[in-house]
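The exercises below concern salt bridges and surface exposure. Work through each task with the structure open before reading its solution.

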Amino acid sequence: MQGVSSYIEEAVRRQLQREAVDEYIAAAEAEHGPVDPAEVAARADRIRAHHAARRGGGSLPSAHRGRGDLTRTPVTPGPGPGR
């Protein structure tokens, strides 16, 4: 059953990615302090709006309607785990 095997392989791959992201977040929070959930939500809205605008469809979140510049607050990635 190749289909089931592929499904399980994909599920394991996604779980490993989630664990890697969790480790990255834990390392960043240990170095820089906890993340503000409101800031995360605001940045996620900007990313979604940016992608929706690039796809040429979908509505923008209410906080971004009428805004031409969705990159006003640049996201600066921190060092990854082990760096």
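The structure is a predicted model, and four exercises with solutions follow.

**Exercise 1.** Find the salt bridge that Glu10 forms with Arg13, and state where both residues lie and how exposed each one is.

Solution.
1. The closest N and O atoms of Glu10 and Arg13 are 2.3 Å apart. The cut-off for a salt bridge is 4 Å, so the pair qualifies.
2. Both residues belong to helix 1, and they are three residues apart, about one turn of the helix.
3. Partly exposed covers the range between under 20% (buried) and over 50% (exposed). Glu10 has a relative accessible area of 30% and is therefore partly exposed. Arg13, at 37%, is also partly exposed.

**Exercise 2.** Examine Arg43 and Glu39: what is the distance between their closest N and O atoms, and how many residues separate them in the helix?

Solution.
1. Arg43 and Glu39 form a salt bridge in which the closest N and O atoms are 2.8 Å apart.
2. The two residues lie in helix 2, which spans residues 37-55, and are four residues apart, about one turn of the helix.
3. With a relative accessible area of 21%, Arg43 counts as partly exposed, because the buried class ends at 20%. Glu39 is partly exposed at 39%.

**Exercise 3.** Classify Arg48 and Asp45 as buried, partly exposed or exposed, and describe how their side chains meet.

Solution.
1. The side chains meet in a salt bridge, with an N to O distance of 3.4 Å.
2. Arg48 and Asp45 are separated by about one helical turn because they are three residues apart in helix 2.
3. Arg48 has a relative accessible area of 53% and is therefore exposed, the threshold being over 50%. Asp45, at 28%, is partly exposed.
4. To place these pairs in the whole, note that a search of the entire structure finds four salt bridges. Salt bridges with shared partners join Glu10, Arg13 and Arg14 into one network.

**Exercise 4.** Which residues form a nonpolar patch on the surface, and what is their accessible area together?

Solution.
1. The patch consists of Val4, Tyr7, Ile8, Val12 and Leu16.
2. Together these residues have about 500 Å² of accessible area.
3. Val4 can be checked individually: it sits in helix 1, residues 2-32. Its relative accessibility is 41%, so Val4 counts as partly exposed. That value also meets the patch requirement of over 30% relative accessible area.

How values were computed: Residues are numbered from 1 along each chain as its sequence is written. This is a predicted model: local features need pLDDT of at least 70, side-chain atom pairs count only at pLDDT 80 or more; totals for chains, interfaces and linings use all residues. Side-chain values use heavy atoms; hydrogens and water are left out. Patches are made of residues with over 30% relative accessible area and no salt bridge: like charges are joined within 9 Å, nonpolar side chains (Val, Leu, Ile, Met, Phe, Trp, Tyr) within 5 Å. Accessible areas come from the Shrake-Rupley method with a 1.4 Å probe; for residues, only the protein chains shown count as cover. Buried means under 20% relative accessible area, exposed over 50%, partly exposed in between (1.4 Å probe, protein chains only).
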